[in-house]
Amino acid sequence: MYQDAFRSLLEINMGIHSGERILVFSDTIRIDEAPAPSDRNRRERLLQVAEEAARFAETTYGRTDFVSFSATAASGAEPPETLWRSAFGNGIVDTLAAEGILSRLLAKEATEDDVERSRELVLARRRDVVDVVVALANNSTSHTRFRSLVNAAGGRFASLPHFDPEMFYTSMQVDWHALAERTKQLAAAVNEAVEILVETPNGTRMRIGKAGRRAEGDDGLLTAPGSFGNLPAGEVYLAPLEGTSEGVMVLEYGPTRKLSSPVELIVRNGMVTDIRGDEPHREWLERRFAENGKNRNIAELGIGTNDRATRPDNILEAEKILGTIHIALGDNSGFGGTVQTPFHEDYVFYRPTLTAIAADGSPTVLLRDGTLLL
């Protein structure tokens, strides 16, 4: 059923070459989870499709491994050791473990020296590292050391958290080359700014500092060594300068559902300082904040560029919708920031007006009421 979609993913998006090693992985619902019936169904289908994708890859290209594991506690948490061994080989992982680094990496407590030593080990044995990773786990591994080390060795990494197989026939059917050009132009415009202003009709008002940070584009063409991105793709993203974000975020959607009522986050000095609202998602966020104060960090600003993306109820696709923006909380250590925590959660905002402020103070409106002006 999905053979053409698998072939397109591996050949167009990933640029597979003869003899390369492929890793496909997924996750299973933990015993302590209680997803809604519709989300349980999606996750069970996701696991099944991941297994099918791995079988297709093995039959068509060879040298394919499939790994599944119990879902991590949250997006941004490091995957288990079994996946590290499949991606990097026993030699690298055994050395990381013997030096005491692996446990700190898994706990997201690695020091800068740990990270540098990990890179040295991976680069010294890069032939042991997988060439292509297709991450079909429900929780995201985008913002992990696992992912960044695969990329450091030249591996290409596609992250598809919260993926619904129906997306193969919607947002994955975009004109990838047109999307890439649109994304490139928008990233260039954002990089002219030192500060970004965001306003939306629902009451969101944010001032986000960007000085010294570079916006990158996620265009779905992950064919160059070390490439990384989401699929479906289509966004420009950056890690705001820590301590600079100020304002109010009004959340209307969680990762996989519309909230029953809005949740309001108050942001001061780059951190969420207060939460208002009666929706159960408020309590979930408060628990995450109590676990680790770094989870309050304003971690990411993203801008959607995919004109085939439409679903507001699935964060993977919602954050790619052309003319939306998203703001994430938590970890940003994998894409230019300094905050390291096992948590990264994105929230999408609709009909935004986004203004780029240049170093001389001059404003340029990039989005007006959800319409891209480039």
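**Reading the empty spaces**

Modeller: Let's start inside this predicted model. Phe 6, Leu 9, Leu 10, Val 24, Ala 53, Val 134 and Leu 136 line its second largest cavity.

Colleague: Okay, but how do you find empty space in the first place?

Modeller: The general idea is simple: rolling a probe the size of a water molecule over the atoms shows where empty space is left. In this structure, a search of the whole model turns up four cavities of 30 Å³ or more.

Colleague: What volume does the second largest cavity have?

Modeller: About 50 Å³.

Colleague: And how do I read its lining by class: how many nonpolar, polar and charged residues are there?

Modeller: You sort the lining residues into three groups and count each group. Here you get seven nonpolar, no polar and no charged residues. You can also ask where the lining comes from: helix α1 (residues 3-13) gives the largest share, three residues.

Colleague: Now the largest cavity. What is its volume, then?

Modeller: About 270 Å³ for the largest cavity. It is lined by 22 residues, and the closest to its centre are Ser 142, His 143, Asn 230, Glu 319 and Asp 346.

Colleague: Which elements give two or more residues to that lining?

Modeller: Look for β8 (228-230), β9 (235-238), α10 (315-318) and β15 (344-349). By class, the lining of the largest cavity holds six nonpolar, nine polar and seven charged residues.

Colleague: What about pockets? What volume does the largest pocket have?

Modeller: Pockets get the same kind of reading: volume, then lining, then classes. The largest pocket comes out at about 970 Å³. It has 31 lining residues, with Glu 33, Pro 35, Asp 39, Thr 256 and Trp 284 the closest to its centre.

Colleague: Which element supplies the largest share of that lining?

Modeller: That's α9, with six residues. Both α2 (37-60) and α9 (280-291) supply at least two residues each. As for classes, count eight nonpolar, ten polar and 13 charged residues around the largest pocket.

Colleague: Let me try the second largest pocket. What volume should I note, and which residues are closest to its centre?

Modeller: Note about 180 Å³ for the volume. Of its 13 lining residues, Glu 112, Arg 145, Ser 333, Thr 338 and Gln 340 are the closest to the centre.

Colleague: And how does that lining divide by class?

Modeller: The second largest pocket has three nonpolar, five polar and five charged residues in its lining. Set that beside the second largest cavity, with seven nonpolar, no polar and no charged residues, and you've practised the class count on two linings.

How values were computed
Residues numbered from 1 in each chain as written. Predicted model: local features only at pLDDT ≥ 70, side-chain atom pairs only at ≥ 80, totals over all residues. Heavy atoms only, no water. 1 Å grid on protein atoms, 1.4 Å probe; cavity = no way out; pocket = protein on both sides within 12 Å on 5 of 7 lines; lining within 4 Å. Points joined across faces, edges and corners; volume = space filled by probe spheres on them. Helix = DSSP H or I, 4+ residues; strand = E, 2+ residues; numbered from the N terminus. Nonpolar A, V, L, I, M, F, W, Y, C, P; charged D, E, K, R; others polar.
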